[in-house]
Amino acid sequence: MSATKEILMSHQTPAPGAQPLLQPLLQPVRLGALKLPNRVVMAPMTRSRADNEELAPTDLHATYYTQRADTGLIISEGTWVSTDAIGFINVPGIYTDAQTAGWTKVTEAVHSAGGRIVSQLGHAGAASHPDHHGGRLPAGPSAINPHEMSYTPDGPKDSLTPRALSVAEIATTIDSYRQAAVNALRAGFDGLEIHAQISHLVAQFLNPRLNQRTDAYGGSSAKRAQFLLDVVDAVGSVWGSDHIGIKLSPYWKHGPAFTADAEVLAEYDQLLKRLSDSDLAYLHLLGPEPDSGTDALTAFTRYRAHYQGAVIANLGFTQASGNEILERQLADAVSFGAPFIANPDLVDRFTHGHPLASDNRDTHFAGGAEGYTDYPTAPAALELMEGRGRGIVGR
């Protein structure tokens, strides 16, 4: 029997006469000021349903998030902090009154269903394209092409060499995060998560290949981290650090810029140590990709050695591996992305052992309700399958 199976059985099959024990994923936890009834977190996922001129959330967003409100914590899709932040079509922002009003409907619906939701604040930086900015070049820490792909109204296009942000523009960008934090508070969110992962702006500042500045925001690993720390201070002035999380991806490998080599990982080790003193609600940390040569347990053991606060583990976890990493105390909660697409009742399925449904990838970014809010819960799905077996579907 595998270690993972033994862990699950120990939490699902109590001794005769004993009280049943909850599997780790279903146990409550506190992350800073956030009290969660279980440790299943819905990871932020771009779904491109804000297909309106305002880039504002709609009633469809409210339905989508409310369907998933029994999870311990919902983290919203990454939302733009300004027009300069945009790098992907039909993704909502949180920098206008209309967007804030749209998010207010979402949080009110989620709270009415008993859920908790935080806003992820994002900025594409140099990974954007002029098509998102009226022909102007996007800006990054340095004038270096990250060689990423931006999804524009005319389809996917390669990134170009960006402008380097001036010191004044950096100050303006940091203030846009602060204002987005104000708007998130007005909208009724329970907290914030700073998007600092994969190839977007904060990760660009942290990356020595993309950040070759010689001022206060570059030249050493400590200075490359200053932009993130200044953003944390800015949003913390609105919320308090115990309502703030950060999502990082030290093991991210993509293109020529993001390599996750020994030097990069060592720099992230030092960043995690610095963030240990920030009293954050949590760090949301991506593990390595499958077949990368490093397994999740090794990665999260490394994270635990350097960060003393609460950790949400992310990337490719299943119910079994999620329970295992919690049992080993390498994380305090586990976030799931793709499983939540076709399984709005993911927590209930974990609780009762229902099989997981498969999602339709063709509808991930297609717009509309199809593949977004029309996935049934487990009992409804079983009834549908039984109906098909009796040949009565559609009558």
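Throughout these views, buried means under 20% relative accessible area. The model shown is predicted.

**View 1. Helix α8 and the elements around its buried residues.** Val264, Leu265, Glu267, Tyr268, Asp269, Leu271, Leu272 and Leu275 are the buried residues of α8. They pack against a mixed set of partners: the helices α5, α6 (221-224), α7 and α9 (296-306), together with the strands β11 (244-248) and β12 (282-286). The helix itself runs over residues 262-275. Its 14 residues reach 20 Å from the first C-alpha to the last, close to the 20 Å expected at 1.5 Å a residue.

**View 2. Where α8 meets α9.** Two packed helices are described by the angle between their axes and the distance between the axes. For α8 and α9, the angle is about 45° and the axes are 8 Å apart. The two helices are therefore oblique to each other. On the α8 side, look for Leu265, Ala266, Asp269, Leu272 and Lys273, which meet Arg302, Tyr303 and His306 in α9. By class, the residues of this contact divide into four nonpolar, one polar and three charged. Leu265, Asp269 and Leu272 may look familiar, as they are also among the buried residues of α8.

**View 3. Asp279, in the loop after α8.** This close-up moves to the loop between α8 and β12, where Asp279 lies. Its phi is near 55°, a positive value in a residue other than glycine. Is Asp279 buried or exposed? With a relative accessible area of 58%, Asp279 is exposed.

**View 4. Asn90, in the loop before α3.** Here is another residue with a positive phi: Asn90, at about 60°, although it is not a glycine. The loop that holds Asn90 runs between β4 (73-80) and α3. Asn90 has a relative accessible area of 26% and is partly exposed.

**View 5. The pairing of α2 with α3.** Helix α2 (residues 59-67) packs on helix α3 (residues 97-112) at an angle of about 30°, and their axes are 8 Å apart. That angle makes α2 roughly parallel to α3. Their crossing is right-handed. From α2, the contact takes in Asp59, His61, Ala62, Tyr65 and Thr66; from α3, it takes in Trp103, Lys105, Val106, Ala109 and Val110. Sorted by class, that gives six nonpolar, two polar and two charged residues.

**View 6. Helix α4 and its cover.** How far apart are the end C-alpha atoms of α4? They are 30 Å apart, which agrees with the 30 Å that the 21 residues of this helix (residues 167-187) should span at 1.5 Å a residue. The buried residues of α4 are Ile170, Thr173, Ile174, Ser176, Tyr177, Ala180, Ala181, Asn183, Ala184 and Ala187. Their cover includes the helices α3, α5 (201-206) and α7 (226-239), as well as the strands β5 (117-122) and β10 (192-195). Just after α4 comes Gly188, with a positive phi of about 90°.

**View 7. Ala139 and its contacts.** Ala139 sits in strand β6 (residues 139-140). At 12% relative accessibility, Ala139 counts as buried. Leaving aside neighbours within four places in sequence, the contacts of Ala139 are Gly125, Ala126, Pro162, Arg163, Leu165 and Leu201. Thr161 is a handy landmark too: it is 22 residues from Ala139 in sequence, and the two C-alpha atoms are 8.8 Å apart in space.

Methods. Residues numbered from 1 in each chain as written. Predicted model: local features only at pLDDT ≥ 70, side-chain atom pairs only at ≥ 80, totals over all residues. Heavy atoms only, no water. Axes fitted to C-alpha atoms, helices over the stretch in contact; angles between N-to-C directions. Helix = DSSP H or I, 4+ residues; strand = E, 2+ residues; numbered from the N terminus. Parallel < 35°, antiparallel > 145°, perpendicular 65-115°, else oblique. Left-handed = near helix turned anticlockwise from the far one by under 90°. Contact = heavy atoms within 4.5 Å. Nonpolar A, V, L, I, M, F, W, Y, C, P; charged D, E, K, R; others polar. Expected span 1.5 Å × (residues − 1). Buried < 20%, exposed > 50% of the residue type's maximum accessible area, 1.4 Å probe, protein only.
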